[in-house]
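Good morning, everyone, and thank you for making room for me today. Please have the picture open in front of you, and follow along as I go from one part to the next.

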Amino acid sequence: MMLLVDAGNTNIVFALHDGHEYRGNWRIATDANRTSDEYAVWLLGLLQHCHLDRASVGSAAIGTVVPAALYHLRRLCRDWFEVEPLVARPSLDWGFRIDVDRPEEVGADRLLNALAAGRHYGGPVMVIDFGTATTFDVVAADGSYQGGVIAPGIQLSIEALHRAAARLPRIGVGRPQAVIGRNTVAAMQSGIYWGYVGMIEGLAARIQAEHGAPMRVVATGGLAPLLAEGTMMIERIDPDLTLDGLRMLAERNPAPTLPRDRTRLVEND
């Protein structure tokens, strides 16, 4: 089986894929100071609960937008599963052109989404990822990655609103039945939810107009189902898109070799 690790700014998702389907999918809050041993205690307990054997893990791949977390995630793979993980980087063989000014600056999650979306749905396709940031990414008809848009995530906006305005409470995300709120909380929920729906529709329309061709719109991320309820712009929700991209990337590239002398590994290797 392949161990897949998708490390975002808010959560880290661990998954096991047996070549045909996902056998497990678990998430933990991102903490750059969490050690490989702490990850192991948590993850191995979940594997045991699901009747999965760590010895069956024969390969691993890591996609991360949190560089500080990479060292311990890599050590987890090496020390507890005895595999050298493939780390998603722009320099790998992605199977498509990264047609932007600075490919090395593109987050691994955005390229992984582009890889999976292009393979699953064909181009042109737009991927909206509702994570810590809300990202819009464009895959052209020839499969090349064309760039996109990065906007603040919905939770960041809620937290900023609460912190910057002394009398506004911290609220949860929900779909209000009415746009016009009749109290403070309802007004805030409307502004957050319908404001983001408006952003989705406006940016998606502008992206398609600039691209010059209609395209499918696929959404991923934890809040994708909730926000898709408020707009017809999103055609498909794919919760495993980033993990699928990570698996596809690992299948395209040679598996790294586990170093013989692991006592000499340094933090920036």
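I will talk about a sheet, then about two pairs of helices, and finally about a few places in the loops.

Please keep in mind throughout that what we are looking at is a predicted model.

Let me begin with the sheet, which is open, has five strands in the order β8-β7-β6-β9-β10, and shows mixed pairing. The edges are formed by β8, residues 145–152, and β10, residues 236–237, each of which pairs on one side only. As a reminder for those new to this, strands of a sheet pair through backbone hydrogen bonds, either parallel or antiparallel. Here we can find both senses by looking at β6: with β7 this strand runs antiparallel, and six bridges join the two, whereas with β9 the pairing is parallel, over five bridges.

If you would like to trace these pairings residue by residue, start with M126, which stands opposite V138 in β7, and then go on to F130, which stands opposite T134 in β7. On the other pairing, V125 has R216 of β9 opposite. The link from β6 to β7 is a hairpin, and two residues make the connection.

Is β6 enclosed or open to the outside? Six of the six residues of β6 are buried, so this strand is largely enclosed by the rest of the structure. In a regular strand the side chains alternate between the two faces of the sheet. In β6, V125, V127 and D129 point one way while M126, I128 and F130 point the other way, and all of them are buried.

Now to the helices, where I will take α4, residues 154–164, together with α5, residues 184–211. These two pack at an angle of about 150°, with their axes 11 Å apart, and since angles over 145 degrees count as roughly antiparallel, α4 and α5 are therefore roughly antiparallel to each other. Their crossing is right-handed. On the α4 side the contact is made by I154, S157, I158 and L161, and on the α5 side by M188, I192 and Y196. Sorted by class, this contact has six nonpolar residues, one polar residue and no charged ones.

The second pair is α1, residues 36–49, and α2, residues 67–81, whose axes come within 9 Å and cross at roughly 60°. How do α1 and α2 lie to each other? They are oblique, as follows from that angle, and the crossing of α1 and α2 is right-handed. Among the residues that make the contact are Y39, L43 and L47 of α1, and L73, L76 and W80 of α2. The contact of α1 with α2 divides into nine nonpolar, two polar and two charged residues.

Finally, let us turn to the loops. A cis peptide bond joins G123 and P124, with omega at about -5°, and P124 lies in the loop between α3 and β6. In the loop between α1 and β4 we find H51, whose phi is near 60°, a positive value in a residue other than glycine. H51 counts as exposed, at 74% relative accessibility. E82, too, has a positive phi, of about 55°, although E82 is not a glycine; this residue sits in the loop between α2 and β5, and at 58% relative accessibility E82 counts as exposed.

Thank you for listening.

Definitions and conventions:
Residues are numbered from 1 along each chain as its sequence is written. This is a predicted model: local features need pLDDT of at least 70, side-chain atom pairs count only at pLDDT 80 or more; totals for chains, interfaces and linings use all residues. Side-chain values use heavy atoms; hydrogens and water are left out. Axes are lines fitted to C-alpha atoms, for helices over the stretch in contact, and angles run from 0 to 180 degrees between N-to-C directions. Helices (H or I, at least four residues) and strands (E, at least two) are DSSP runs, numbered from the N terminus. Angles under 35 degrees count as roughly parallel, over 145 as roughly antiparallel, 65 to 115 as roughly perpendicular and the rest as oblique. A crossing is left-handed if the near helix is turned anticlockwise from the far one by less than a right angle, and right-handed if clockwise. Contact means heavy atoms within 4.5 Å. Ala, Val, Leu, Ile, Met, Phe, Trp, Tyr, Cys and Pro count as nonpolar, Asp, Glu, Lys and Arg as charged, and the others, Gly among them, as polar. Two strands pair if DSSP finds at least two bridges between them. Buried means under 20% relative accessible area, exposed over 50%, partly exposed in between (1.4 Å probe, protein chains only).
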